[in-house]
Amino acid sequence: MQRLSCKERAQDGRLSRREFVAALAVPIVAGACNRRPYRGGDFSLPERSVVELLPASSYDADFGDLIGRGLRDLGVSVQGRRVLLKPNMVEYEPGTAINTNPLVVAGAIAAFQRAGAAEVIVAEGPGHRRDTEYLLTRTGLHDHLCDHGVRFVDLNEDDVEYVPLRSNFTKLDRLALPVSVLRSDFVVSMPKLKTHHWAGMTAAMKNFFGTVPGAVYGWPKNVLHMHGIHNSILDLNATIQPRLAIVDAVTAMEGDGPIMGRPRHTGFIAMSQDVVAADATCCRVIGLDPERLPYLAEARHFLGNIDPHRIEQRGERIDRYAAEFDVVDAIKSYRLTR
């Protein structure tokens, strides 16, 4: 009998997408991360990074005020700048915690408008549900955009430019990226905090999968999965260089995320100008060790801080929210030993 490769089985329909990605991702990451394919002089690690945990016991909070206070405390200035907010929109299922809550997005819009931004846009390229208008309507985000006079850009369908990658973990020389992202002055990652059955966690860095246009690369962003999830996270963040993370962790997701997990109340918003430090802090909150997540373990060398001695925690303490989230077997090795 002819033995088919992993790729041939996937094309032939005999290998599930989950099996295919699992088979590819780990070897690629291991090979790439050993070589550290970037020029150190192109990046500058901060001496210290500030991560602010802001209490929000429910979605009844005034997120405009809360995020505005976070911007001021972090010393963020967007006066006269074009701000792009990148929430996490994947699929709509009532009663779940799949997407960034639209109330948090609306609060961020208000905060940035009050802070003097020249323009605020909201942009996302869902990797699961192709009907973005359906997602906007069903989640309620459309109404908030109308209330604030803010336009939405579907990054799956936006005009693109091919840009060279500033790191090369994926072994791709360049990617087509949406012009709305490339021409923004201030890109903000606004993820929902979730466990992830391959990456370990979805937060500020993983959120940039949604910037890769499905119209060019297909669904669910096939090029990223083919070249390794952890590798792709690193290349996207090195190239896009987000300026701020605002993580919706009011209600997070545990278990088989990023879609099939269960809601878990956590009660905070995390903010930082260092997306790596934001992710490291969120890792520790949900009981994962950032040094064991391949993309964070590598990002610490050139993109941001994960060492707790180099992260200044402001607002609430981590131990106020610390929990051990349920995770699938494949990522139990990422657990934190408290």
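In the predicted model, Glu316 is partly exposed, with a relative accessible area of 24%. Its side chain forms a salt bridge with that of Arg320, with an N to O distance of 2.7 Å. Arg320 has a relative accessible area of 51% and is classed as exposed, since the exposed class begins over 50%. The pair thus joins a partly exposed residue to an exposed one.

The protein chain comprises 338 residues, of which 58% are buried. Its secondary structure consists of 13 helices and 12 strands. Among contacts in the chain with a separation of 6 or more, 77% are between residues 24 or more positions apart.

Side chains of opposite charge can pair when their charged atoms come close. In total, 17 salt bridges are counted. One of these is formed by Asp65 and Arg69, at 3.2 Å from N to O. Both residues belong to helix H3 (residues 63–74), and because they are 4 residues apart, about one helical turn separates them. Asp65 is partly exposed at 34% relative accessibility, and Arg69 is likewise partly exposed, with a relative accessible area of 39%.

A further salt bridge involves the side chains of Asp73 and Arg314, at an N to O distance of 3.6 Å. Asp73 is located in helix H3 and Arg314 in strand S12 (residues 311–315), so this pair ties together parts that are 241 residues apart in sequence. The relative accessibility of Asp73 is 37%, which places this residue in the partly exposed class. Arg314 is also partly exposed, with a relative accessible area of 25%. Asp73 and Arg314 are linked with Glu312 in a network of salt bridges.

Two packed helices are described by the angle between their axes and the distance between the axes. For H3 and H4, the axes come within 7 Å and cross at roughly 55 degrees. The two helices are therefore oblique to each other, and the crossing of H3 and H4 is right-handed. On the H3 side, the contact is made by Phe63, Gly64, Asp65, Ile67, Gly68 and Leu71. The H4 side contributes Leu103, Val104, Gly107, Ala108, Ala110, Ala111, Phe112 and Arg114. By class, these residues comprise 9 nonpolar, 3 polar and 2 charged. Asp65 is thus part of the contact with H4 and also takes part in the salt bridge with Arg69.

Helix H4 (residues 102–114) also packs against helix H6 (residues 141–148), with axes that come within 9 Å and cross at roughly 15 degrees. This angle makes H4 roughly parallel to H6, because angles under 35 degrees fall in that class. The crossing of H4 and H6 is right-handed. From H4, the residues in contact are Pro102, Leu103, Val105, Ala106, Ile109, Ala110 and Gln113. Their counterparts in H6 are Leu141, His144, Leu145 and His148. The residues of this contact divide into 8 nonpolar and 3 polar, with no charged residue. Leu103 and Ala110 of H4 appear in the contact with H6 and also in the contact with H3.

Note on methods: Residues are numbered from 1 along each chain as its sequence is written. This is a predicted model: local features need pLDDT of at least 70, side-chain atom pairs count only at pLDDT 80 or more; totals for chains, interfaces and linings use all residues. Side-chain values use heavy atoms; hydrogens and water are left out. Axes are lines fitted to C-alpha atoms, for helices over the stretch in contact, and angles run from 0 to 180 degrees between N-to-C directions. Angles under 35 degrees count as roughly parallel, over 145 as roughly antiparallel, 65 to 115 as roughly perpendicular and the rest as oblique. A crossing is left-handed if the near helix is turned anticlockwise from the far one by less than a right angle, and right-handed if clockwise. Contact means heavy atoms within 4.5 Å. Ala, Val, Leu, Ile, Met, Phe, Trp, Tyr, Cys and Pro count as nonpolar, Asp, Glu, Lys and Arg as charged, and the others, Gly among them, as polar. A salt bridge is a side-chain nitrogen of Lys or Arg within 4 Å of a carboxyl oxygen of Asp or Glu. Buried means under 20% relative accessible area, exposed over 50%, partly exposed in between (1.4 Å probe, protein chains only).
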